[in-house]
Amino acid sequence: MMLITGTVPIKDMPLTFGTVRAEGDYLIVDGQRIPCNQGTGAMVSAALATTDYLKLEAPQVLMAGDIGEGRGSREIYDYLIRNVAELVPEVLALHYWMPDIARTRQLCAAIENCAQRSVMIADAGSMYSAKAAGLATAFDIFTPDAAEVAFLADPDATHPAYIRFMVNTDEANTPELIKTAYENKNAARLLLVKGAIDYIVSNGEIVATVNEPDVRAMEAIGGTGDTITGLVSAFVYAGLEPHEAAIIAARTNRMAGRFAETTPATRVGQVIARFPEVFKKYLCEWSGVCATGGVE
Amino acid sequence: MAFMKRKKVAFEGGGLVLVSEVHEAMLAERILKKAGYQVRLVAPPPELRKGCDLAVEINLVEKPGIERILSQNDVAYVEVMPFKVGTPEILEIVRVTDFGEWVMVKAANMKLTFEKKSGVIVNTSGGGCPDIPHLHAGLLGRPLAEAPRPGDIGYTLCALMLDRALEESLTLHNGGEQP
């Protein structure tokens, strides 16, 4: 099972768990309709597009409504802490939520005690809380952007708004920030750093970069970082090694951006809609995933 | 009969509300708890004492929402700040990217893009706190001057950074110079 968790911007939506499916511009989980916008919605939509194409089991999702008050986030944390040992997901992807250091520690302790270890992926608020709790190394994959890798590099920062290295967040300094993040043990085993150049970093070593096609407008489009996290999660679930999954995810996202002829005014749903076309044209060539059902 | 005792979730928030009087700290704690925030009373480190013997530990990410509710309830706090000594103030640096018809303004991890001609917000991106997708939906398609302020309706540091990007965008659209 691939389990994706995160908050959605629907005030008072209760804690919801189930298999996700798409219906028009919405995701449906246990009767709840969730818009495919920036955030967890975009991330899940990208993962679902990938599992659909590969004819894999659709993601299980654990979501709650939260517009910033934190209640929904705490419901997700507490449910996971209580139930992760029974759920035993092969891939556990954590996304938007209110960073909560103590609950993140409890969750990681609960996962540590699981009979089978999940592949642990974090982005957005869950990545912030993992780093702030000093637990980055418990994770397999982080997907930060350039500003967020500066946050990972700063040993004292508990949120990207407080980083001391902002003067160095020009993307030319990304390799240096990556090195510092690993030296300070504030990085996951694999980083996929999103930017004008995407860096794929395994245990501190930059193993690949992706900079084609160059679709600069994508930085402005809310949710195009979330889609990368959804893609990489699904490709890992399909059986690719994390670094391979990261490279293919970066290429897929960029190519979908080109196919969608993106401008800074494009919506993320227009990019996600192009994923099947990209998969059909390039996935076999890029990855060896040439037939349905996972990696050949 | 066995009694199940649920283990209380510990709390490490990373932020402090500094006040000048002990009773203000207790009042702040009461108000914030009533509003649903997870907080606790702590002694501030000596380096952070600004005339106070008691402080309220908060989740630093929730700073904007907490400042708003304290102000609404007339709690006279001195400052809301990071718990760790030496951690700097919130970032002030803003970067601007010109996309021709559009301009993207970036403040820390948050980006806001508007159409130059109309001043309409066409996208926001970045961030990872739960109010950001909500703010994204509320800002898209709105003229800069008529958009709700993330600092007013958001709850987190990401919202604060998005507010900074909006403020800078307003300045640029009104003919101000790039930072």
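The following questions and answers cover helices, a sheet, domains and a chain contact in a predicted model.

User: What makes helix α4 of chain A mostly covered?
Analyst: A residue is buried if 20 or more other C-beta atoms lie within 10 Å of its own. In α4(A), residues 124–132, 9 of the 9 residues are buried. Among them are Met127(A), Tyr128(A) and Lys131(A).

User: Which elements do the buried residues of α4(A) pack against?
Analyst: In chain A they pack against β7 (91–94), α3 (101–112), β8 (119–122), β9 (141–142) and α5 (146–153). Chain B adds β1 (14–19). Contact here requires C-beta atoms within 7 Å.

User: What is the sign of phi at Gly134(A), which follows α4(A)?
Analyst: The phi of Gly134(A) is positive, near 75 degrees.

User: How do you know that the span of helix α8 of chain A is close to the one expected?
Analyst: The expected span is 1.5 Å times one less than the number of residues. For the 18 residues of α8(A), 242–259, that gives 26 Å, and the helix reaches 25 Å from its first C-alpha to its last. Just after α8(A), Glu261(A) has a positive phi of about 50 degrees.

User: Why is α8(A) called largely enclosed by the rest of the structure?
Analyst: Of its 18 residues, 16 are buried, so α8(A) is largely enclosed.

User: What makes β3, β4 and β5 of chain A an open sheet with two edge strands?
Analyst: Two strands pair if there are at least two bridges between them. β4(A), residues 26–29, and β5(A) have 4 bridges in the antiparallel sense, so they count as a pair. One bridge joins Tyr26(A) to Pro35(A) of β5(A). The order of the open sheet is β3-β4-β5, with antiparallel pairing. β3 (21–23) and β5 (32–35) of chain A each pair on one side only, and these are the edge strands. From one strand to the next, the twist averages 40 degrees.

User: How do you know that helix α1 of chain A packs on this sheet?
Analyst: α1(A), residues 40–53, touches β3, β4 and β5 of chain A. The direction of α1(A) makes about 85 degrees with that of β4(A).

User: Which domains does chain B have, and how many residues does each give to their contact?
Analyst: The domain assignment gives domain 1 (14–82) and domain 2 (94–173) of chain B. Their centres, taken over C-alpha atoms, are 28 Å apart. Domain 1 gives 5 residues to the contact and domain 2 gives 8. By class, the domain 1 side has 2 nonpolar, 1 polar and 2 charged residues.

User: What makes up the side of chain B that touches chain A?
Analyst: The contact takes 47 residues from chain B and 48 from chain A. Elements giving two or more residues to the chain B side are β6 (102–107), β7 (110–115), β8 (121–126), α3 (131–139) and α5 (157–173). The largest share, 6 residues, comes from α3(B). By class, this side has 25 nonpolar, 17 polar and 5 charged residues.

User: How many helices and strands does chain B have, and what share of its residues counts as buried?
Analyst: Chain B has 5 helices and 8 strands. Along the sequence they follow the pattern β-α-β-β-α-β-β-β-β-β-α-α-α. Of its 179 residues, 47% count as buried. Among contacts in chain B with a separation of 6 or more, 61% join residues 24 or more positions apart.

Conventions. Residues are numbered from 1 along each chain as its sequence is written. Chains are lettered from A and ligands numbered from 1 in the order in which they are written. This is a predicted model: local features need pLDDT of at least 70, side-chain atom pairs count only at pLDDT 80 or more; totals for chains, interfaces and linings use all residues. A residue is buried if 20 or more other C-beta atoms lie within 10 Å of its own, exposed if 12 or fewer, and partly exposed in between; C-beta atoms are placed from the backbone. Two residues are in contact if their C-beta atoms, placed from the backbone, lie within 7 Å. Domain bounds come from an automatic or database domain assignment. Ala, Val, Leu, Ile, Met, Phe, Trp, Tyr, Cys and Pro count as nonpolar, Asp, Glu, Lys and Arg as charged, and the others, Gly among them, as polar. Axes are lines fitted to C-alpha atoms, for helices over the stretch in contact, and angles run from 0 to 180 degrees between N-to-C directions.
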